[in-house]
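Please take the sequence and the coordinates together, and follow the paragraphs below with the model open beside them. The path goes from a helix to the cores, and from there to a sheet and a pair of helices.

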Amino acid sequence: MNYQKEGERIDDLGIAGYHILQKPGAFCFGMDAVLLADFAEARKNEQVLDLCSGTGIIPILMKARYPEAVYTGLEIQEEMTDMAERSVRMNGLEHSIRMIHGDLKEIRSLLPGNQMHVVTVNPPYIKGVSGLKNQTEAVTGARHEVLCTLEDVLAASAYVLRSSGRLYMVHRPRRLPEILSAMQQYHLEPKRMRFVHPYIDKEPNLVLIEAVKGGGPQLTVLAPLIVYDAPGQYRDEIYRIYHIRKV
């Protein structure tokens, strides 16, 4: 069966034989999604919800690492949801990954509360549409807080997570004070944090955060993740995360 539509490509994810559909010119997943899928954890029979799921990259990657968990992706953009559904079927994962087309701001009408063990989210990073605007609505919606805000994401996460459920998020360090304050407002206690630096002598440009619903106030800051040793030369940990053989 041909799952690919005109203008799309099929990318090899390098793990478990899985592939994903992408559409050049629209939003394609980046390193932040791959790093989040590696940072997040899921146990046997746990229910995992991926918010702002895009083309389903995080549930597919996590399914390869944690095959005994059950995954749901929620995505507001119809074209993205359709691509994700076709990628799921292409990989034969329709019995363990379900995609929902819907708005996380309306999550109470889409999913029951207090049911999820894990939420993952790679949300829009940029407030409003300030700064450089992207060429397509899909890219703008994925990168700018025009379809949902940080508070919307955390409110939805708090609603679906059961007590002691875990939220895994990737975001920009410059918004960290706002993120931590809002997490505590929704009783999501930060437990682990890891900064991602492009080079060892550069400031971090991403932060990975694990928070626990109703958790106690104790935060562990992990060793930084450095992406490059030199331009075009990944560090060993990035080769591991991407399942690329170092040459």
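Why is helix H1 (residues 31-39) largely enclosed by the rest of the structure? In this predicted model, nine of the nine residues of H1 are buried, so the helix is largely enclosed by what lies around it. The buried set consists of Met31, Asp32, Ala33, Val34, Leu35, Leu36, Ala37, Asp38 and Phe39, where buried stands for a relative accessible area under 20%.

The place of H1 becomes clearer once the nonpolar cores are considered. The largest of them has 38 residues, and those with the most contacts inside it are Leu13, Leu35, Met62 and Tyr71. At least two residues each are supplied to this core by H1, helix H2 (57-65), helix H3 (78-90), strand E5 (97-101), E9, E11 and helix H7 (236-242), and the largest share, seven residues, comes from H1. Methionine 62, once its neighbours within four places in sequence are set aside, is in contact with Ala37, Ala40, Glu41, Ala42, Tyr71 and Thr120. Apart from this core lies another, of 31 residues, which includes Leu111, Leu167, Ile179 and Leu188.

Strand E11 (residues 206-213), one of the contributors to the largest core, is itself mostly covered, with eight of its eight residues buried. Which residues lie on each of the two covered faces of E11? On one side are Leu206, Leu208, Glu210 and Val212, and on the other are Val207, Ile209, Ala211 and Lys213, all of them buried.

E11 also has strand partners. Strand E9 (residues 161-171) runs antiparallel to E11 and is joined to it by six bridges, with tyrosine 168 having glutamate 210 of E11 as its bridge partner. Strand E10 (residues 188-197) pairs with E11 as well, again in the antiparallel sense, over eight bridges, and here valine 196 stands opposite leucine 206 of E11.

A last feature to locate is a helix pair. Helix H5 (residues 150-160) and helix H6 (residues 176-185) have axes that come within 10 Å and cross at roughly 35°, and H5 passes H6 in a right-handed crossing. On the side of H5 the contact is made by Leu150, Glu151 and Leu154, while H6 brings Glu178, Ile179, Ala182, Met183 and Gln185. Sorted by class, this contact of H5 with H6 has five nonpolar, one polar and two charged residues. Ile179, which takes part in the helix contact, is also among the residues of the core of 31 residues.

Notes
Residues are numbered from 1 along each chain as its sequence is written. This is a predicted model: local features need pLDDT of at least 70, side-chain atom pairs count only at pLDDT 80 or more; totals for chains, interfaces and linings use all residues. Side-chain values use heavy atoms; hydrogens and water are left out. Buried means under 20% relative accessible area, exposed over 50%, partly exposed in between (1.4 Å probe, protein chains only). Helices (H or I, at least four residues) and strands (E, at least two) are DSSP runs, numbered from the N terminus. Two strands pair if DSSP finds at least two bridges between them. Axes are lines fitted to C-alpha atoms, for helices over the stretch in contact, and angles run from 0 to 180 degrees between N-to-C directions. A crossing is left-handed if the near helix is turned anticlockwise from the far one by less than a right angle, and right-handed if clockwise. Contact means heavy atoms within 4.5 Å. Ala, Val, Leu, Ile, Met, Phe, Trp, Tyr, Cys and Pro count as nonpolar, Asp, Glu, Lys and Arg as charged, and the others, Gly among them, as polar. A nonpolar core is a set of buried Ala, Val, Leu, Ile, Met, Phe, Trp, Tyr and Cys residues joined through side-chain atoms within 4.5 Å.
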